[in-house]
Amino acid sequence: MSTSRETEKPSKTAKILYRPWGLVASILGGLVASKVFHQVWKRVDPQASDDPPTALQSEYRLPKIVLAALAQGAIYSVVKALIDRGGARLFQKWTGEWPGD
């Protein structure tokens, strides 16, 4: 369900003013997603070292690497969407204009 403000075309000013906010939100989202992923991975693989497996680590089998990549991508996408949406709503609350579209 969208409000009329969300469907209105944003002004150029709103888009320009939102850019720094969006950049900070993206960086924050990446940091949060990384922390969340590491905590999830510790629970998925309790015997794992501090870092999850990567594609270039030969000691891990491919299914484990794919599982780690899949989990990391899903967590990153969800966290980024939540932070981007929350940031846009906060921007709209402060300025009265929706920054996206």
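**View 1. Trp-41, tucked away in helix α2.** Let's start with one side chain in this predicted model. Trp-41 has a relative accessible area of just 2%, so it counts as buried, the cut-off being under 20%. Is its ring partner Phe-37 buried or exposed? Phe-37 also comes out at 2% relative accessibility, so it is buried too.

**View 2. Phe-37 and Trp-41, ring beside ring.** If you go looking for aromatic pairs here, you'll find one in the structure. The ring centres of Phe-37 and Trp-41 sit 6.2 Å apart, and the ring planes make an angle of 35°. Why is the pair called tilted? Planes under 30 degrees apart would be stacked and planes over 60 would be edge-to-face, so 35° lands in the tilted class. Now look along the backbone: Phe-37 and Trp-41 are four residues apart in helix α2, which means about one helical turn separates them.

**View 3. Pro-53, in the loop between α2 and α3.** Move on to the loop that links α2 and α3, and you'll meet Pro-53. Don't let the word "loop" fool you: Pro-53 has 8% relative accessibility, so this residue counts as buried. Which residues does Pro-53 touch, once neighbours within four places in sequence are set aside? The answer is Trp-41, Tyr-60, Lys-64, Ile-65 and Ala-68. So Trp-41, buried at 2%, turns up again here. You can also check a backbone distance: the C-alpha atoms of Pro-53 and Ala-69 are 8.5 Å apart, with their positions 16 residues apart along the chain.

**View 4. Helices α2 and α3, crossing each other.** Two packed helices are described by the angle between their axes and the distance between the axes. For α2 (residues 12-44) and α3 (residues 62-95), the axes come within 7 Å and the crossing angle is roughly 145°. That crossing is right-handed. What kinds of residues make up the contact? By class, there are 24 nonpolar, five polar and three charged residues.

**View 5. Stepping back to the whole chain.** The protein has three helices and zero strands, so reading from the N terminus you get α-α-α. Of its 101 residues, 23% count as buried. Take the contacts with a separation of 6 or more: 66% of them join residues 24 or more positions apart. As for the outside, the protein exposes about 7500 Å², and carbon and sulfur atoms supply 63% of that area.

Note on methods. Residues numbered from 1 in each chain as written. Predicted model: local features only at pLDDT ≥ 70, side-chain atom pairs only at ≥ 80, totals over all residues. Heavy atoms only, no water. Axes fitted to C-alpha atoms, helices over the stretch in contact; angles between N-to-C directions. Helix = DSSP H or I, 4+ residues; strand = E, 2+ residues; numbered from the N terminus. Left-handed = near helix turned anticlockwise from the far one by under 90°. Nonpolar A, V, L, I, M, F, W, Y, C, P; charged D, E, K, R; others polar. Phe/Tyr/Trp six-rings, centres within 6.5 Å; stacked < 30°, edge-to-face > 60°. Buried < 20%, exposed > 50% of the residue type's maximum accessible area, 1.4 Å probe, protein only. Contact = heavy atoms within 4.5 Å. Areas by Shrake-Rupley, 256 points an atom, 1.4 Å probe, with all protein chains shown as cover.
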